[in-house]
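Please look through the sequence and the 3D structure below before reading on. The paragraphs that follow begin at the ligand and then turn to the place where the chains meet.

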Amino acid sequence: MLKIEGLTATVDGKPILKGIDLEIPSGEVHAVMGPNGSGKSTLAYVLAGREGYEVTGGSATWDGHDLLSMEPEERAAAGLFLAFQYPVELPGVGNATFLRTALNAIRRARGEPELDAMQFLKLARQRMRELSMPEDMLKRSVNVGFSGGEKKRNEILQLALLRPKLAVLDETDSGLDIDALRIVADGVNAMRGPDFAALVITHYQRLLDYIVPDRVHVLMNGRIVRSGGPELAKELESEGYAAIQARAA
Amino acid sequence: MNVVMHQVGAPGFLHRFEGLRDRLPGGRLPWLATLRAQAAEAFRAQGFPTRRVEAWKYTDLAPVAEAGFDEPLTPMDDAMDLPPAQAGARAVFVDGRFRADLSSLDGLPFEVSSVARHLDALEGRLGALARPGEEPMAALNTMLFEDGLLLDLPEGVEGGVLELLSLATASERPSAFHPRHLIRLAKGAKLTLIETATGPEGARYLHNPVFEVEVAEGAWLTHGRLQQEAPRAFQLSTIYATVAAGGTYDNFTLNAGGRLVRNEIHVTLTGPGAACHMNGAQLLAGDQHADTTTALDHAAPSCASRQTYKTVLMGRSRGVFQGKILVRQVAQKTDGYQMNQALLLSPEAEMDSKPQLEIYADDVKCSHGATVGELDAEQVFYLRSRGIPETQARAMLVQAFLHEAVEGVTDEALRRALDAAVEGWWARQEETLAA
Ligand SMILES: Nc1ncnc2c1ncn2[C@@H]1O[C@H](COP(=O)(O)OP(=O)(O)O)[C@@H](O)[C@H]1O
Ligand SMILES: [Mg+2]
């Protein structure tokens, strides 16, 4: 269970998160929706432990771990995964090397044996087929020269390989055509189960047709202003954020 | 108390030369005596250059100029600990002197020998390229060299891989040695020369080699240099190379050891279609200072030159890159590229770079660039968010930074040796960081 209570955070001294309360039990998928600049990515980065995002109050725990006191790599080892809104390019780092290093770091943390190059390749190829990714993406530098859609699929490939228990997907749908969206959604849905929780951040309702959430939360100006079932996403789609804000105010 | 006065710096070396001149190898050869005397005059006039000399603006030789050096007192025991061989064939020099007993040179399709033993046949060749009047370190070398590698690859010979191991020994007082290596590849010959320079942990010495390299038509020399001198050592090396039509001089230099290091390379492309690759990596930490200075002379049309240098700096280290490309008027259709990048891993480290293009031909493609930066925090975070520990994440990004310089090394033996040297360096830094 992810439990966020009264979480406040600043960036460059500017308050961005202004008191977030959110609980995601294992087995559930929750969506966070909100207009641009409302603090969705900030929430994701704070959970993953990015430098420069200063927590000024509140708490976030995952399965009893105090997430906020852990290093980013420790959070990953504890089962957290963030799919970046803007996946980072790593020129000179081969994608295969990157994926294998990450997978083995996670396996080490879980007390599982590391995979050698052959074992890894076999697994990676299988996952890539499932995501309809061309195999040559293993040979290229991480995200360098990838199209927007390829970058997002590479994030989902990492999700499928690392098999986290808590995934935060930050606008993984943006820039995807409908086929890619379906593939990405299938990748996430395949992970669903009693030991998996997800926080799906999105700007549009469209993704939620494919990844049907248990709960939907609306984030505006650093606060969750409304929560509800999947039907809330539809309401947002037809009425827009302004109406919600007016009603919440 | 028994006080021995040693003269230091340039006067010390000149004094030594006066005392030794007849006993130096080839002392009875008039041409060599003249060459040495002229070099001594040049060195007397210039001394160790100060930073007021333009070519030495960023590298302060005071630690060398203020030290006193003795002749190397190579211990007589022959059970020397040699590092593992990089290739089958190896020529070993200890304190600048060829050691046939430690070398393994059987079965090579060409002759490897010692400069000292063949001086009577080297008139007109030794000193043909070096310029003691311009480069004071070449003057010092010419004045005092005792030995060096003598390599002649006959026409069309595939020489394979030869390792040149330069080993220093430790002694109570710092020692200095000045090997003079002569390398000549005849038409169409091919060779990979992997040079390793190293010494025991506490040793203090000045290694001052000069290379004179001639690459004939269509010949190809891959010259890998793995500079892993002892932490307190100085290496000041000067390479002079000429490349004839269709030939290639391919130099890769790793600067990973030493306290104060300069790696100066002068290459002249003399015939159409000649090529020169000069790539390198400098891995610096602590108080290290490393300087790579290249001077590329495009003296013929349709030649190509490629330079990619990467410097990684930790601690209070300082890196220097100076790269001059001269394109003469005859050198139409020149294709020149130079890239020099530095990665600062510590706020106290510093990098100076000075690219210099002098172009007198009009139909030329020449580009250069230089960057100095730090590790990208976003990249580090991306890796850490995947569970990769911070030191490992940083190591991956440093390796990625070096990648572009290292990927050009296509020779397998050199690539292996280089990867091992880079890994060894990184492991030592991690130990230091962990301690
Ligand atoms: N690194 C940053 N530096 C300065 N301001 C930032 C930074 N990241 C986010 N912000 C600001 O924080 C606010 C919330 O941004 P963000 O969390 O990215 O919103 P969202 O993901 O909902 O679009 C915005 O006003 C944005 O300008
Ligand atoms: Mg965002």
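In this predicted model, a good place to begin is a single contact at the ligand, where a polar backbone atom of A:Ser41 lies 2.8 Å from an oxygen atom of ligand 1. The protein as a whole covers 64% of the 560 Å² of accessible area that ligand 1 has on its own.

Other backbone atoms of chain A also meet the ligand. A polar backbone atom of A:Lys40 is 2.9 Å from an oxygen atom of ligand 1, and for A:Gly39 a backbone N or O atom is found 3.1 Å from an oxygen atom of the ligand.

Stepping back from these contacts to the whole shell, the reader can find 13 residues surrounding ligand 1, with A:Ile16, A:Gly37, A:Lys40, A:Ser41 and A:Thr42 as the closest. Sorted by class, this shell is made of six polar, four nonpolar and three charged residues. Two elements of chain A, the strand β2 (14-24) and the helix α1 (40-48), each supply at least two residues of the shell, and the largest share comes from α1(A), which gives three residues.

From the ligand, the path leads to the interface between the two chains. Here 17 residues of chain B are in contact with 30 residues of chain A, and the area buried between chain B and chain A is about 2,000 Å², of which 65% comes from carbon and sulfur atoms. Of the area that chain B buries against chain A, 40% is supplied by B:Phe381, B:Tyr382 and B:Arg386, more than by any other three residues.

What kinds of polar pairing link chain B and chain A, and how many of each are counted? Between the two chains there are three salt bridges, and the count of residue pairs in polar contact, with both residues at pLDDT 80 or more, is 10. A salt bridge that the reader can look up in the structure joins the side chains of B:Arg384 and A:Glu71, with a distance of 2.6 Å from N to O.

On the side of chain B that touches chain A, the elements that give two or more residues are the helices α5 (377-384) and α6 (390-406) of chain B. By class, this side of chain B has eight nonpolar residues, together with five polar and four charged ones.

Definitions and conventions. Residues numbered from 1 in each chain as written. Chains lettered and ligands numbered in written order. Predicted model: local features only at pLDDT ≥ 70, side-chain atom pairs only at ≥ 80, totals over all residues. Heavy atoms only, no water. Near = heavy atom within 4 Å. Polar contact = N/O pair within 3.5 Å; in protein donor to acceptor, adjacent residues only side chain to side chain. Areas by Shrake-Rupley, 256 points an atom, 1.4 Å probe, with all protein chains shown as cover. Helix = DSSP H or I, 4+ residues; strand = E, 2+ residues; numbered from the N terminus. Nonpolar A, V, L, I, M, F, W, Y, C, P; charged D, E, K, R; others polar. Contact = heavy atoms within 4.5 Å. Buried area = accessible area lost by both parts, 1.4 Å probe. Salt bridge = Lys/Arg side-chain N within 4 Å of Asp/Glu carboxyl O.
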